Amino acid sequence: MASLFKLGRSRTIRLIQSFPAVKLHLTGAVMRATEVEFDKAKEHLKTLKNDPGNDTKLRIYALFKQDDARQKYVDLVGTLISSEAPIQKEATTAGDPKSSYQTLQVTTENNITTILLNRPEKKNAISRKMYEEIMQALEQAGKDDSVLTVMTGSGDYYCSGNDLSNFTQVGAEGVEKLARDSGELLTRYVSHFIDFPKPLIAVVNGPAVGIAVTGLGLFDVVYATDRATFHAPFSQLGQSPEGCSSYTFPKMMGTAKANEILLFNKKLTAAQACDLGLVTEVFPDNTFQQEVWKKLRAYAKLPKDSLRYSKQLIRGMEKEKLHAVNAQECVRLQERWLSEECMNAIMGFFQNKSKL
């Protein structure tokens with residue numbers, strides 16, 4: 001791929017140092033970029049010749065992928081062209097002090113603890129904060145008096161996978177430190193699902209992407225609406241599988257079928273996912289919530305210890321294997337995130353405006 005950027009080293013450093021949160025300061029009213037401005041910015045980007053480095057490319061890609069960030073994208077491209085526009089950090093908004101969670105709603109009722117992914121405006125994309133809060137919620141649910149734990153999403157999506165703003169949180173140490181921290185976070189996150197002691201049920205209320213798909217192999221039951229889709233486009237972005245899917249997917253659906261999903265980016269319908277064993281049962285969307293929660297309330301009346309010990313017998317023999325797979329996957333992902341192949345794939349995806 002031809003070089004895309006032209007930016008002096010000192011200017012690149014200034015851009016990176018002033019840009020850790022990828023929040024642009026806009027004077028006056030916040031303006032959204034028009035379609036014409038957005039298209040013009042994309043054309044301007046193609047005129048740049050020298051590569052300013054992976055940090056900046058990741059930030060550009062993250063802005064492109066965020067639905068509400070077109071104005072930021074336009075401004076950033078303008079900055080790369082002129083190297084003159086000021087970039088500042090915008091203050092973050094604190095969460096509701098009355099709630100112990102900012103990105104989730106966690107409730108316990110009828111012996112069921114429900115972890116609701118609650119960023120509907122972001123299609124429940126998992127930010128770093130949400131990663132930490134999901135782990136906290138799983139730890140608490142594993143110790144409480146409920147019989148079952150359910151994970152579902154608010155709004156139209158179950159979860160759109162990793163929040164791409166996570167790529168933009170580059171500190172002074174650069175992308176290498178970000179990759180190490182991200183690998184460690186993902187290792188801990190997946191381990192919480194491997195070690196969860198109670199029946200864990202996914203209620204997939206809409207499309208699922210990335211880690212929201214690959215992690216389903218660690219749930220005990222997966223129910224889905226018939227409008228749900230399942231997509232894990234790793235190789236499209238020069239990356240590799242996560243969530244123990246390199247082990248669980250071939251085991252549940254066979255190597256050839258798993259390869260279509262993990263190597264060749266095949267998107268599954270709910271019916272296809274059910275046929276492959278990734279989903280337990282599919283329900284019509286108009287009756288989905290009613291039918292699923294009727295089942296869950298019935299399950300929650302079963303003896304708690306019997307379910308817990310039965311799960312230990314079913315899953316216990318594989319836990320050591322799953323932890324080893326998780327560690328191996330995360331080491332490989334750290335290498336992938338830092339590779340030129342990954343950078344080129346991300347920017348190629350950006351330029352071609354492919355749809356995930």
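Start by selecting Asn124: its relative accessibility is 0%, so it counts as buried (under 20% relative accessible area; exposed is over 50% and partly exposed lies in between, using a 1.4 Å probe and protein chains only). Before moving on, keep in mind that this is a predicted model, where local features need pLDDT of at least 70, side-chain atom pairs count only at pLDDT 80 or more, and totals for chains, interfaces and linings use all residues. Residues are numbered from 1 along each chain as its sequence is written, and side-chain values use heavy atoms, with hydrogens and water left out.

**Stop 1: the loop around Asn124**

Asn124 sits in the loop between E2 and H5. Helices (H or I, at least four residues) and strands (E, at least two) are DSSP runs, numbered from the N terminus. Check the backbone here: phi of Asn124 is near 55°, positive in a residue other than glycine. Most residues other than glycine have a negative phi. Now click on Lys123, which belongs to the loop between strand E2 (112-117) and H5. Lys123 is not a glycine either, yet has a positive phi of about 55°. Is Lys123 buried or partly exposed? With a relative accessible area of 30%, Lys123 is partly exposed.

**Stop 2: helix H5**

Follow the chain into helix H5 (residues 128-143) and put a distance between its end C-alpha atoms: they are 23 Å apart, which agrees with the 22 Å that 16 residues should span at 1.5 Å a residue. That expected span is 1.5 Å times one less than the number of residues. Next, colour the buried residues of H5: Arg128, Met130, Tyr131, Glu133, Ile134, Met135, Ala137, Leu138, Ala141 and Gly142.

**Stop 3: strands E1, E2 and E3**

Select strand E3 (residues 148-153). Six of its six residues are buried, so E3 is largely enclosed by the rest of the structure. Turn the side chains on: Leu148, Val150 and Thr152 point one way from E3, while Thr149, Met151 and Gly153 point the other way. That fits the textbook picture, since in a regular strand the side chains alternate between the two faces of the sheet.

Add E2, which runs parallel to E3 and is joined to it by six bridges; two strands pair if DSSP finds at least two bridges between them. To find your place, look for Thr113, whose bridge partner in E3 is Thr149. Then bring in strand E1 (residues 104-109), which is antiparallel to E2, again with six bridges. Thr107 has Thr114 as its bridge partner in E2. Where E1 turns into E2, the hairpin has two residues between the strands, and Asn110 takes a positive phi near 55° there.

**Stop 4: Gly210 and its sheet**

Jump to Gly210, in the loop between strand E5 (208-209) and helix H7 (211-214). At 11% relative accessibility, Gly210 counts as buried. Which residues does Gly210 touch, not counting those up to four places away in sequence? They are His231, Ala232, Phe234 and Glu242, where contact means heavy atoms within 4.5 Å. Glu242 is 32 residues away along the chain, and its C-alpha atom is 8.4 Å from that of Gly210.

Step back to E5 and show its sheet, an open one of three strands in the order E5-E7-E8 with mixed pairing. E5 and strand E8 (268-269) stand at the edges with a single partner strand each, so one side of each has no neighbour in the sheet. E5 and strand E7 (residues 229-231) pair in the parallel sense over two bridges. Ala208 is the residue to centre on, as it stands opposite Phe230 in E7.

**Stop 5: the largest cavity**

The structure holds two cavities of 30 Å³ or more. A cavity is a set of points on a 1 Å grid over the protein atoms alone where a 1.4 Å probe fits but cannot get out, and lining residues have an atom within 4 Å of a point. Points are joined across faces, edges and corners, and a volume is the space filled by probe spheres set on them. The largest cavity has about 130 Å³ of space. It is lined by 16 residues, and the closest to its centre are Tyr189, Phe193, Ile211, Ala212 and Phe219. Helix H6 (175-194) gives the most to this lining, with three residues.

**Last stop: the whole chain**

Zoom out to see 14 helices and nine strands. Buried residues make up 50% of the 356 residues.

Terms used:
1 Å grid on protein atoms, 1.4 Å probe; cavity = no way out; pocket = protein on both sides within 12 Å on 5 of 7 lines; lining within 4 Å.
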